[in-house]
Amino acid sequence: MQRRSLFGYAGLLGLQGILGISSAQAAFMVWGRPANVILVTGGDFIRYRRILINTANGLEKVGLINQAPTELSKERSDTADVWEALVQYAGGSRLKFLADGHYDYGFDVKRREKVRGEILRRLQEKQDVDLILVFGTEASFDMCEAVKDIPIISLGSSDPVKMGLVKSAERSGQQNFHAIVEEGFYRWQAEVFHTIFPFKKLALITAASRVDKSGADGVKAFCRDSDIGFELQTYIESRKDEETDFQELLDAVTDAVEIKGCDAVIFPWFLASREQMPRLVNYLAEKAIPAFSQTGIEFVSQGILLGAGEESLEGYGLFEADVISQVLDGVDPGTIPQTFVQRSRLAINLYTAAQMGWQPPFELLVSVERAYTTQSPHLN
């Protein structure tokens with residue numbers, strides 16, 4: 001890949017040598033215009049949407065854009081409308097969000113290959129991209145493996161250190177690549193969950209293909225250090241038949257509770273329609289099994305008892321905005337610290353609590369970020 005510039009890549013190298021600066025710094029000096037930005041996302045995921053919104057808010061606060069998106073739908077889980085709003089209204093002289101720069105893998109292997117090819121052809125032929133923002137482990141791998149001379153910032157991926165996306169929490173190991181690393185977030189979730197429900201054996205229920213994305217190591221470490229039983233319960237998800245996939249999930253939950261004797265469960269993101277979710281929620285309520293959603297309010301609003309709130313995403317967005325600001329000022333992404341210490345409150349579903357016959361303590365109720373009184377899918 002070659003970075004497009006006024007002088008061409010050779011000119012960049014010459015400027016870099018003369019001034020003794022980095023390639024990224026040289027590139028931004030010769031543009032004399034806003035940096036052209038594209039977004040590559042692994043698929044529709046409510047957390048990606050919220051991170052992008054909060055990052056846009058952060059960009060406005062640090063002065064890189066004039067206006068962050070407002071009046072966005074609360075019913076959507078994708079990022080397309082957020083990107084469109086940035087294209088139309090962001091303004092400012094530092095960033096230009098390209099109208100045709102939103103790429104989505106759709107969590108589909110074949111689509112991933114197609115979209116990846118489109119992006120790489122664009123970078124090779126049009127050479128009109130100066131900064132790549134990425135969501136998702138697969139998309140991050142694709143970009144950082146194929147692109148070496150354009151800054152890449154992964155705004156969200158699952159445990160990038162464990163997945164081998166970066167060499168360490170401190171540095172990515174690749175000059176043009178930065179990936180945020182959330183320090184201790186999954187362990188914190190298990191710890192808070194146990195404080196509320198002193199379970200004796202915890203099950204983490206995840207698709208076999210997403211174990212490394214589930215924070216299993218952090219959850220297991222907490223259980224080990226606290227002398228609590230831990231069960232990693234996996235299931236196969238084919239994505240060919242959603243009903244079959246959901247039944248595999250239900251079977252895994254049933255096995256963990258009725259065979260393995262787990263008295264609490266934690267869920268990473270999983271595939272379930274809003275029509276299917278009540279079957280899972282009702283089973284857990286009937287068995288009086290408390291459940292915690294790593295995904296947060298997306299599933300808590302639909303009936304999962306507890307989950308991480310979204311309060312910390314304001315700080316998350318400011319962190320990412322600062323990374324982007326440093327890159328625009330000429331700092332190589334690979335040299336920027338990656339560790340972000342997550343701060344969060346909780347979300348709770350009071351309807352589910354009543355189903356279970358559990359009365360949440362007053363101290364918990366006054367401290368939660370969101371409390372839902374229905375099992376509605378609407379995220380108001």
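Where do the axes of helix H3 and helix H12 stand to each other, and at roughly how many degrees do they cross? In this predicted model, the two axes come within 7 Å and cross at roughly 60 degrees.

## Helices H3 and H12

Helix H3 covers residues 46-61, and helix H12 covers residues 313-328. Angles from 35 up to 65 degrees fall between the roughly parallel and roughly perpendicular classes, so H3 is oblique to H12. The crossing of H3 past H12 is right-handed.

On the H3 side, the contact is made by Arg47, Arg50, Ile51, Asn54, Thr55, Gly58, Leu59 and Lys61. On the H12 side, the residues are Leu313, Glu314, Tyr316, Gly317, Leu318, Glu320, Ala321 and Ile324. By character, the residues of this contact divide into 7 nonpolar, 4 polar and 5 charged.

## A salt bridge between strand S2 and helix H5

The count of salt bridges in the model comes to 22. One of these pairs aspartate 100 with arginine 122, with a distance of 2.9 Å from N to O. The pair links distant parts of the chain, 22 residues apart. Aspartate 100 lies in strand S2 (residues 95-104), while arginine 122 lies in helix H5 (residues 109-125).

Are the two partners buried or exposed? Arginine 122 has a relative accessible area of 6%, which is under the 20% limit, so this residue counts as buried. Aspartate 100 has 43% relative accessibility and therefore counts as partly exposed, since that value lies between 20% and 50%.

## Two further pairs

Lysine 126 and aspartate 128 also form a salt bridge, and their closest N and O atoms are 3.7 Å apart. Here the aspartate is the buried partner: aspartate 128 has a relative accessible area of 12%. Lysine 126, at 48%, is partly exposed.

Arginine 224 and aspartate 225 form another salt bridge, with 3.5 Å between the closest N and O atoms. Aspartate 225 is partly exposed, with a relative accessible area of 49%. Arginine 224 has a value of 58%, which is over 50%, so this residue is exposed.

## A network of salt bridges

Which residues are joined into one network by salt bridges that share partners? The network consists of Arg49, Arg76, Asp78 and Asp81.

Technical notes. Residues are numbered from 1 along each chain as its sequence is written. This is a predicted model: local features need pLDDT of at least 70, side-chain atom pairs count only at pLDDT 80 or more; totals for chains, interfaces and linings use all residues. Side-chain values use heavy atoms; hydrogens and water are left out. A salt bridge is a side-chain nitrogen of Lys or Arg within 4 Å of a carboxyl oxygen of Asp or Glu. Helices (H or I, at least four residues) and strands (E, at least two) are DSSP runs, numbered from the N terminus. Buried means under 20% relative accessible area, exposed over 50%, partly exposed in between (1.4 Å probe, protein chains only). Axes are lines fitted to C-alpha atoms, for helices over the stretch in contact, and angles run from 0 to 180 degrees between N-to-C directions. Angles under 35 degrees count as roughly parallel, over 145 as roughly antiparallel, 65 to 115 as roughly perpendicular and the rest as oblique. A crossing is left-handed if the near helix is turned anticlockwise from the far one by less than a right angle, and right-handed if clockwise. Contact means heavy atoms within 4.5 Å. Ala, Val, Leu, Ile, Met, Phe, Trp, Tyr, Cys and Pro count as nonpolar, Asp, Glu, Lys and Arg as charged, and the others, Gly among them, as polar.
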